[in-house]
Each structure stands twice: as C-alpha cells, then as structure tokens.
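Visitor: Please pick one part of this model and go through it slowly with me. I'd like a connected story rather than a list.

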Amino acid sequence: RLLMLWVTPFIWLGMRKPLQEEDMPATPSFISAAAVHTLAWEQWKAAKNNTGILRCICWPISGSVFFMGCTFSSVAGILNTAGRPLLLSTLIQAIKPESGVSMNSKIGLAIALASCMFVENWLR
C-alpha cells in the first residue's frame with residue numbers, strides 16, 4: 001500500500017486502452033456484497049437482544065479491520081488538527097533570523113513536517 005506498486009499494471013494498461021470491467025481483478029468472495037449481507041443479516045438476527053452493536057455486529061463482520069480503520073482515522077485526524085499546525089508554527093518561528101535556531105534544527109523541523117503530512121495522507 002505504501003508504494004502503490006500494485007496499481008502500476010492497471011495504469012500501463014489504461015494508458016494503452018480504456019480499461020474495461022474484465023481488465024480489473026475480481027472482487028474477493030469474502031468481501032462480496034452477497035457474502036457480507038448474509039453475514040450481517042445473521043449477526044443482526046443474533047444480536048437483537050444485545051445492546052452492543054459494535055461488539056455483536058461490526059466485529060464479526062469486519063474483525064480487526066473495522067477497528068484498525070477507526071484507529072487510522074483517529075491518528076490522521078490528530079495529525080491534521082494538532083501535529084501539522086504545531087510543526088508548521090514552530091518551523092515558521094524557527095525560520096525567522098532573530099530566532100537563533102540552528103540550521104540543523106530547521107531542517108529537522110522541515111523533515112518532521114513532511115513526515116507528518118506523509119503519514120497523515122497515508123492513513124486516510
């Protein structure tokens with residue numbers, strides 16, 4: 001996922017001719033709409049008397065993927081609302097000539113900001 005190398009063959013094929021449905025790989029059967037619907041309906045019927053929808057329905061259907069997605073979204077949100085603005089503000093203050101911050105520290109702040117933005121976008 002990090003380098004997106006899996007999509008390269010589709011890009012090359014799409015550059016040569018318009019992509020058709022048969023050019024794309026088939027959806028894995030465990031995430032097909034029919035399989036997920038069947039599993040969700042079974043879990044819904046079994047969980048009617050329980051109050052924990054996340055525990056009774058979301059976990060059996062998606063397992064850890066659901067919670068991993070929630071965690072990634074939370075971390076991306078924290079980086080977006082706190083990490084990036086703080087790093088940017090600190091970098092702007094450090095760039096001022098009167099700040100007395102060393103060049104190595106300025107470069108380190110710039111690398112930290114770029115890393116923060118990379119991780120934030122990768123987690124989306």
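Visitor: Let's start with a single residue. Where is Ile-107 found?

Guide: Ile-107 sits in helix α5, so named because helices (H or I, at least four residues) and strands (E, at least two) are DSSP runs numbered from the N terminus. Before we go on, a word on the ground rules: this is a predicted model, in which local features need pLDDT of at least 70 and side-chain atom pairs count only at pLDDT 80 or more, while totals for chains, interfaces and linings use all residues. Residues are numbered from 1 along each chain as its sequence is written, and side-chain values use heavy atoms, with hydrogens and water left out.

First, the setting. The protein has five helices and zero strands, and along the sequence the pattern reads α-α-α-α-α. Mean pLDDT (the predictor's confidence in each residue, from 0 to 100) comes to 82 for the protein, with 88% of its residues at 70 or more. Our helix does well here: α5 has the highest mean of the elements, 90, and α3 (residues 53–62) the lowest, 67.

Back to Ile-107. With 44% relative accessibility, this residue counts as partly exposed; the scale calls a residue buried under 20% relative accessible area, exposed over 50% and partly exposed in between (1.4 Å probe, protein chains only). Ile-107 and Leu-91 are 16 residues apart along the chain, and their C-alpha atoms are separated by 9.1 Å.

Leu-91 takes us over to α4. Along with Ala-76, Leu-79 and Ala-94, Leu-91 makes up the buried residues of α4. Those residues pack against α5, which covers 103–122; contact here means heavy atoms within 4.5 Å.

And what does α4 look like? Helix α4 runs over residues 64–95, and its 32 residues should span 46 Å at 1.5 Å a residue; the end C-alpha atoms are 43 Å apart, which agrees. The expected span is 1.5 Å times one less than the number of residues. Still, α4 isn't ruler-straight: there's a kink of about 40° centred on Leu-79, where the bend is the angle between axes fitted to the seven residues ending there and the seven starting there.

That kink centre turns up again from the other side. Glu-120, which belongs to α5, touches Ala-76, Leu-79, Asn-80 and Arg-84, once residues up to four places away in sequence are set aside. With a relative accessible area of 2%, Glu-120 is buried. So two of the buried residues of α4, Ala-76 and Leu-79, are among the residues that Glu-120 touches.

The two helices share something else too. The structure holds one aromatic pair: the rings of Phe-72 and Trp-122 have centres 6.1 Å apart and planes at 50°, so the pair is tilted. It links distant parts of the chain, with Phe-72 in α4 and Trp-122 in α5, 50 residues apart. To count as a pair, rings of Phe, Tyr and Trp (its six-membered ring) need centres within 6.5 Å; planes under 30 degrees apart are stacked, over 60 edge-to-face, and the rest tilted. Neither partner is buried: Phe-72 is partly exposed at 23% relative accessibility, and Trp-122 is partly exposed at 31%.

If you're wondering about the cysteines, Cys-70 is partly exposed at 36% relative accessibility, whereas Cys-116 is buried at 7%. The disulfide count is zero, a disulfide being a pair of cysteine sulfur atoms within 2.5 Å.

What joins the two helices? Ser-99 lies in the loop between α4 and α5, and with a relative accessible area of 31% this serine is partly exposed. Leaving out neighbours within four places in sequence, Ser-99 is in contact with Gln-93 and Ala-94. Ala-94 is, again, one of the buried residues of α4.

Stepping back out, 13% of the protein's 124 residues count as buried. Among contacts with a separation of 6 or more, residues 24 or more positions apart account for 41%.
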